[in-house]
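Subject: A structure for you to explore

Hello,

Here is the structure I promised to pass on to you. Please open it next to this message, so that you can find each residue as you read.

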Amino acid sequence: MSEPLVIVGNGMAAARLVDELTRTAQGRYAIAVIGEEPRLAYNRVLLSSVLSGETASHDIELRPATWWRDRGVTLKYGCVATEIDVGRRELKIAGEESIAFSRLVLATGSTPLRLNVPGADLAGVHTFRDSRDVDLLLTLAAQQKRVVVVGGGLLGLEAAYGLAKAGSPVTLIHLMDRLMERQLDAPAAALLKSLVERKGIKVLLDANTARLHGETRVKAVELSDGRLIEADAVIFAAGIRPNIALAREAGISVNRGIVVDDRLETGAPDIFALGECAEHRGICYGLVEPAYEQARVLAQHLAGRAAVYPGSVVATNLKVSGVSVFSAGDFVGADGTEAIVLNDARGGTYKKLVISAGRLTGAVLVGDVADALWYLELIRGGEPIVGIRPDMMFGRSLARASEAA
Ligand SMILES: Cc1cc2nc3c(=O)[nH]c(=O)nc-3n(C[C@H](O)[C@H](O)[C@H](O)COP(=O)(O)OP(=O)(O)OC[C@H]3O[C@@H](n4cnc5c(N)ncnc54)[C@H](O)[C@@H]3O)c2cc1C
């Protein structure tokens with residue numbers, strides 16, 4: 001008989017795990033997926049495209065209902081898991097009967113942070129995480145509401161771009177002195193800022209949100225230097241917090257995320273976690289690729305095969321506000337490294353390759369990202385680059401050709 005395996009969360013990590021698991025351990029598990037969002041799992045990354053009007057909401061579903069049915073998966077969406085009884089191996093679900101599991105996987109993702117400032121709970125203050133948020137933001141844009149986006153990381157930029165494209169006047173405010181400081185060095189961030197401004201978005205750096213003004217509804221954002229920015233709506237895009245409450249309340253070891261070992265197992269036997277809610281070797285990843293790598297390893301392990309997750313080399317490869325951006329590895333360049341840089345501000349291209357001990361260890365690209373995946377392979381592979389170094393900056397084909405010559 002199939003063992004009952006329950007997954008909490010119907011997001012990207014869960015969908016990939018089911019995909020891997022139904023291929024590697026066919027028939028071994030009776031899988032049930034419990035998801036809070038009231039729709040089939042979708043590609044959350046594409047919410048930005050939905051917001052900017054480039055993709056329709058129903059086109060971002062990861063798999064159709066038939067796919068889940070064909071694999072015998074019991075899908076409960078619009079359902080919140082409320083409690084894990086670790087001893088009895090039961091999961092409580094709001095308004096439903098508890099379900100039993102032999103293995104449990106937590107794939108509960110993250111929640112956007114709301115800044116802890118006066119006025120943060122006023123009407124008109126939103127976040128950008130799921131398709132319900134997008135519906136709301138599209139309504140704001142249709143009414144051409146003035147929007148202030150708080151946060152100049154990936155999410156804030158995507159929200160700002162989508163809203164501006166959909167018709168809202170947008171001001172983006174960021175605490176740091178450059179955009180996407182966790183992925184870009186200063187010249188790359190400066191280029192990105194100018195490209196974003198060309199799309200009609202006003203960008204304020206070194207801008208610390210002190211309070212939001214308004215009686216019941218937000219009217220303005222006040223910065224700590226006294227500047228006041230009028231707003232009909234405010235979007236917080238200033239970070240995420242892994243959803244760990246379910247695990248914590250069950251006595252499972254948590255830190256910032258749910259702590260897992262190299263097999264993605266939590267401190268409780270047969271209870272696993274992956275994706276944004278998991279913390280592996282001290283790291284909570286906020287990107288899809290690590291979640292997919294974790295899903296591959298966990299599926300192998302659940303299929304009874306030896307598999308280890310060593311951590312991920314994080315790469316960011318995306319279109320931010322309509323501008324292609326890539327960053328991987330040591331993009332700043334630690335002491336003792338060298339950098340090859342191409343900076344064409346007018347042409348909208350910046351490339352930086354970081355080299356350490358004859359190997360590529362980091363890269364940042366803005367504008368032209370055609371060779372991003374090749375650079376990522378080189379970083380991950382750690383192979384010596386001496387033969388391709390002279391032309392490496394100009395792309396794979398040229399570098400390989402000159403190496404062969
Ligand atoms: C707008 C946007 C753009 C992004 N762009 C990129 C990008 O370009 N590249 C990239 O790598 N990453 C991007 N990300 C991040 C990426 O989407 C996440 O890393 C990925 O979705 C994580 O997958 P997950 O399954 O861990 O979490 P999620 O996809 O968030 O899924 C978790 C699910 O669990 C559900 N859940 C939580 N608690 C419970 C509970 N108690 N009971 C039932 N269900 C529960 C949640 O409702 C949610 O549906 C973006 C994110 C957003 C919001």
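Below is what was found in this model, starting with the ligand and moving on to single residues.

Before anything else, please keep in mind that this is a predicted model.

**The ligand and its surroundings**

A good place to begin is the ligand. There are 30 residues around the ligand, and the closest are A13, E37, R44, R129 and E276. If you sort the residues of this shell by class, you get 15 nonpolar, 10 polar and five charged. Some parts of the fold supply at least two shell residues each: α1 (12–24), β2 (29–35) and α5 (154–165).

Now look at the backbone atoms that face the ligand. A backbone N or O atom of A13, one of the closest residues, lies 2.8 Å from an oxygen atom of the ligand. For E36, a backbone N or O atom is 3.0 Å from a nitrogen atom of the ligand. G286 also takes part, with a polar backbone atom 3.5 Å from an oxygen atom of the ligand. How much of the ligand's accessible area does the protein cover? On its own the ligand has 1,000 Å² of accessible area, and the protein covers 92% of that.

**A cavity**

Next, empty space inside the protein. Rolling a probe the size of a water molecule over the atoms shows where empty space is left. How many cavities of 30 Å³ or more are there? The count comes to one, and the largest cavity has a volume of about 30 Å³. Its lining is made of N10, G11, E37, R39, A41, Y42 and R44. By class, that lining has two nonpolar, two polar and three charged residues. You have already met E37 and R44, which are listed among the residues closest to the ligand and also line the largest cavity.

**Positive phi angles**

Phi is a backbone angle, and a few residues here have a positive value that you can look up. M180 has a positive phi of about 45 degrees although M180 is not a glycine. You will find M180 in the loop between β11 (170–173) and α6 (186–197). Is M180 buried or exposed? M180 counts as buried because its relative accessibility is 1%, and buried means under 20%.

L264 is another non-glycine residue with a positive phi, of about 70 degrees. L264 sits in the loop between β18 (258–260) and β19 (271–273). With a relative accessibility of 0%, L264 counts as buried too.

A glycine comes into the picture at the end of helix α9. Just after α9, G382 takes a positive phi of about 65 degrees.

**Helix α9**

Helix α9 covers residues 372–381, and its buried residues are A372, W374, Y375, L376, L378 and I379. Take L378 as an example: its relative accessibility is 1%, so L378 counts as buried. The C-alpha atoms of L378 and A65 are 39 Å apart, and 313 residues separate the two along the chain.

**Distances in sequence and in space**

Here are some further pairs to try with the distance tool in your viewer.

- N208 lies in the loop between β12 (202–204) and β13 (209–213). N208 is partly exposed because its relative accessible area is 37%. From N208 to V150 there are 58 residues along the chain, while their C-alpha atoms are separated by 9.2 Å.
- N116 belongs to the loop between β8 (110–112) and β9 (125–127). Its relative accessible area is 81%, so N116 is exposed. N116 and T209 are 93 residues apart along the chain, with 9.7 Å between their C-alpha atoms.
- E338 is in strand β23, which runs over residues 338–344. E338 has 38% relative accessibility and therefore counts as partly exposed. How far apart in space are E338 and R71? Their C-alpha atoms are 51 Å apart, and in sequence the two residues are 267 apart.

If you would like a short route through the model, start at A13, with its backbone atom 2.8 Å from the ligand, go on to the cavity lined by E37 and R44 among others, and finish at G382 just after α9.

Enjoy exploring, and write back with any questions.

Best wishes

Key:
Residues are numbered from 1 along each chain as its sequence is written. This is a predicted model: local features need pLDDT of at least 70, side-chain atom pairs count only at pLDDT 80 or more; totals for chains, interfaces and linings use all residues. Side-chain values use heavy atoms; hydrogens and water are left out. Buried means under 20% relative accessible area, exposed over 50%, partly exposed in between (1.4 Å probe, protein chains only). Helices (H or I, at least four residues) and strands (E, at least two) are DSSP runs, numbered from the N terminus. On a 1 Å grid over the protein atoms alone, a cavity is a set of points where a 1.4 Å probe fits but cannot get out, and a pocket is an open set with protein on both sides within 12 Å along at least five of seven lines; lining residues have an atom within 4 Å of a point. Grid points are joined across faces, edges and corners, and a volume is the space filled by probe spheres set on the points. Ala, Val, Leu, Ile, Met, Phe, Trp, Tyr, Cys and Pro count as nonpolar, Asp, Glu, Lys and Arg as charged, and the others, Gly among them, as polar. A residue is near a molecule or strand if one of its heavy atoms lies within 4 Å of it. A polar contact is a pair of N or O atoms within 3.5 Å; within protein, one must be able to donate a hydrogen and the other to accept it, and residues adjacent in sequence count only if both atoms are side-chain atoms. Accessible areas come from the Shrake-Rupley method with a 1.4 Å probe; for residues, only the protein chains shown count as cover.
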